[in-house]
Amino acid sequence: MSIRRLPPDLVNRIAAGEVVERPASALKELVENAFDAGARQVAVRLAAGGLERIEVTDDGCGMTPEEMRLALERHATSKLPEDSIDRITSFGFRGEALPSIASVARLRIESRARGADGWRIEVDHGLAAGEGPAALPPGTRIAIEGLFDKVPARRKFLRSPRSEYAACLDAVKRLAMARSDVGVSLDHDGRRILALQPADAPARVAELLSHELDRHGVGIDCVRDGVRLTGVISLPTFNRGVADQQYLFVNSRPVKDRLLVGALRAAYRDLIARDRHPIAALFLDIPLEDVDVNVHPAKTEVRFRDPASIRGLIVGGLRRALDEESQRSAAREQAAAPVMWTSSATYDSEHSRHSRESGNPAAFEGNGTPAFAGATMLAEERKLFDYAPAGRAEPAVAPVTSHPLGVARGQVAATYIVAEAEDGLVIVDQHAAHERLVLERMRAARAGGAVARQVLLIPEVVELDEPDCDRLEGAITELAEMGLEIERFGPSSILVRAVPAALGKTDSAALIADLAAEIAELGGALSLRDKLDLVAATIACHGSVRAGRVLSVAEMNALLREMEVTPRSGQCNHGRPTWVKLGHGEIEKLFGRR
Ligand SMILES: Nc1ncnc2c1ncn2[C@@H]1O[C@H](COP(=O)(O)OP(=O)(O)OP(=O)(O)O)[C@@H](O)[C@H]1O
Ligand SMILES: [Mg+2]
């Protein structure tokens with residue numbers, strides 16, 4: 001076997017395979033170069049999704065003919081003045097993009113440095129194809145035609161002009177958000193798509209993201225250890241079926257980094273269904289020495305010196321913002337009914353005192369269905385219902401006004417509670433609502449350091465696959481913290497000694513199997529906090545009153561009252577609403593009275 005040096009055009013073509021995958025990636029490199037050249041205005045023109053032609057014009061510093069020739073050479077760059085690869089502030093730094101693109105397309109560069117004349121150089125698949133004077137204002141115009149025309153192996157991976165266009169539009173949006181101070185325009189097949197004036201970051205983001213975010217978004221601004229996170233994220237209820245509207249930036253560089261995407265996901269855990277995705281534009285500003293941008297051929301991933309702390313900042317920051325926002329909206333609802341908050345506060349503190357103490361297994365026996373509200377149905381707690389209006393028989397007496405979610409009037413399909421509030425009709429999904437309450441209750445108990453557990457008189461043996469047993473064994477400490485005490489019992493079984501009191505009488509085998517599956521799905525990369533959240537959410541689901549269970553009026557009212565004092569109770573653990581209200585006005589409209 002003889003070793004030989006590859007000819008330069010082949011080397012470039014191999015590099016191109018990494019740098020340029022499709023029109024959108026070539027376009028990204030050109031716009032980044034324009035930004036790096038100090039442009040104030042960048043104009044992008046595309047034909048057929050970039051498959052036919054991509055053209056980027058900027059009013060940046062321009063190049064002399066000599067610089068243009070150098071720019072087309074591999075590893076020639078103007079961007080690492082001190083060869084300091086660890087302090088990169090420009091988008092480009094390798095001197096790869098232009099020679100790579102030029103090796104797989106026809107490329108024309110026209111450029112004019114300030115105070116000089118314009119010049120043009122053409123390259124056809126890596127070969128010089130002529131040069132000469134050019135007339136253009138100061139700046140640079142680069143056009144690419146026939147990308148991958150002569151590289152069938154690549155060409156066949158390209159998609160329709162429509163999907164290539166979608167990818168180009170996405171790339172331009174990301175870059176435009178990254179540098180809101182630069183004006184950016186986009187034309188496709190002669191049609192003006194974007195015309196963005198220089199703006200500050202929030203205004204630029206607002207212009208490019210769903211306008212609905214004005215009402216359904218939460219602003220983010222937090223700092224930790226010299227790292228700053230800013231941007232906007234959607235409320236959990238405002239979500240999408242695909243993760244296409246997540247824009248992440250590290251020191252103004254658009255990235256699609258796994259760590260950041262994972263942290264975003266973790267922040268919405270149990271607020272949003274698995275198959276739904278939040279909208280987000282997040283900007284991370286981090287000291288240059290704490291991040292390495294030279295780890296990915298398309299420069300879309302980065303490596304952090306301290307990934308755990310970045311993850312913590314994002315998950316914590318977003319979570320706090322979402323919690324505060326949910327409290328604010330709860331407060332808006334409360335303001336309408338100031339009377340109730342004194343009485344329900346009593347209920348709340350009674351209740352939390354109780355759930356700490358209830359370790360008594362007898363409380364959960366004798367009730368064939370899963371215990372409603374976990375421990376809330378104990379005799380001593382029933383007296384708490386006394387102040388709650390008792391429902392349908394006394395409509396005239398019940399002080400409807402004092403409760404935002406109203407007074408229970410009945411149950412429909414053994415699934416929905418119908419309640420009358422001062423300002424309308426409330427319908428509650430009992431399972432969704434209760435699942436949320438159990439989760440929040442477990443969280444509160446955990447925060448207070450005391451999760452009540454119920455010791456099983458006879459420990460239960462659950463048979464599982466060996467890998468599932470291994471996974472559960474690895475989470476024994478976290479599970480115990482939630483009140484679920486398990487032990488390994490031989491290679492393929494788990495012994496359940498105690499379950500969380502909030503759970504009532506439950507099918508531990510099903511719960512254990514669900515937990516094992518969840519832990520498997522999320523892999524070993526879970527933080528302690530994520531594991532606990534996961535466990536809490538799964539336990540909550542198992543411990544909740546099911547759809548199909550008939551509830552007494554007292555039970556329904558207790559559920560409504562607890563929802564009123566529980567944070568985030570307006571959404572189930574999967575981000576769907578737990579209740580809806582039909583205002584009097586809306587009811588009147590239904591009957592043509594308005
Ligand atoms: N629009 C432009 N205006 C002015 N100079 C440019 C422009 N585009 C490219 N250049 C010059 O050409 C050089 C090579 O560009 P190229 O994109 O190939 O490499 P780079 O930007 O240095 O690094 P990378 O490969 O990471 O993008 C740049 O360093 C810059 O000096
Ligand atoms: Mg570049």
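In the predicted model, the crossing of helices α13 and α18 is left-handed. Helix α13 spans residues 430-447 and helix α18 spans residues 553-565, and the two pack with their axes 10 Å apart at an angle of about 55 degrees. This angle makes α13 oblique to α18.

Two further helix pairs involve α6. Helix α6, formed by residues 161-178, packs with helix α7, formed by residues 201-208, at an angle of about 160 degrees. The axes of α6 and α7 lie 9 Å apart. Because angles over 145 degrees count as roughly antiparallel, α6 and α7 are assigned to that class. The crossing in which α6 passes α7 is right-handed. Helix α6 also packs with α2, at an angle of about 25 degrees and with an axis separation of 8 Å. Since an angle under 35 degrees counts as roughly parallel, α2 is roughly parallel to α6. A right-handed crossing is found for α2 and α6.

Helix α2 also contributes to the surroundings of ligand 1. Both α2 (23-36) and α4 (97-103) supply at least two residues each to the shell around this ligand. The largest share of the shell comes from α4, which provides three residues. In total, 20 residues surround ligand 1, and those that come nearest are N33, T77, S78, K79 and E96. Classified by residue type, the shell comprises eight nonpolar residues, together with six polar and six charged ones.

Polar contacts to ligand 1 were examined next. The side chain of K79, a residue also listed among those nearest to the ligand, places an N or O atom 2.6 Å from an oxygen atom of ligand 1. Nitrogen atoms of the ligand take part in contacts with D58 and with T140. For D58, a polar side-chain atom lies 2.9 Å from a nitrogen atom of ligand 1. For T140, the separation between an N or O atom of the side chain and a nitrogen atom of ligand 1 is 3.3 Å. On its own, ligand 1 has 590 Å² of accessible area, of which the protein covers 95%.

Key. Residues numbered from 1 in each chain as written. Chains lettered and ligands numbered in written order. Predicted model: local features only at pLDDT ≥ 70, side-chain atom pairs only at ≥ 80, totals over all residues. Heavy atoms only, no water. Near = heavy atom within 4 Å. Polar contact = N/O pair within 3.5 Å; in protein donor to acceptor, adjacent residues only side chain to side chain. Areas by Shrake-Rupley, 256 points an atom, 1.4 Å probe, with all protein chains shown as cover. Helix = DSSP H or I, 4+ residues; strand = E, 2+ residues; numbered from the N terminus. Nonpolar A, V, L, I, M, F, W, Y, C, P; charged D, E, K, R; others polar. Axes fitted to C-alpha atoms, helices over the stretch in contact; angles between N-to-C directions. Parallel < 35°, antiparallel > 145°, perpendicular 65-115°, else oblique. Left-handed = near helix turned anticlockwise from the far one by under 90°.
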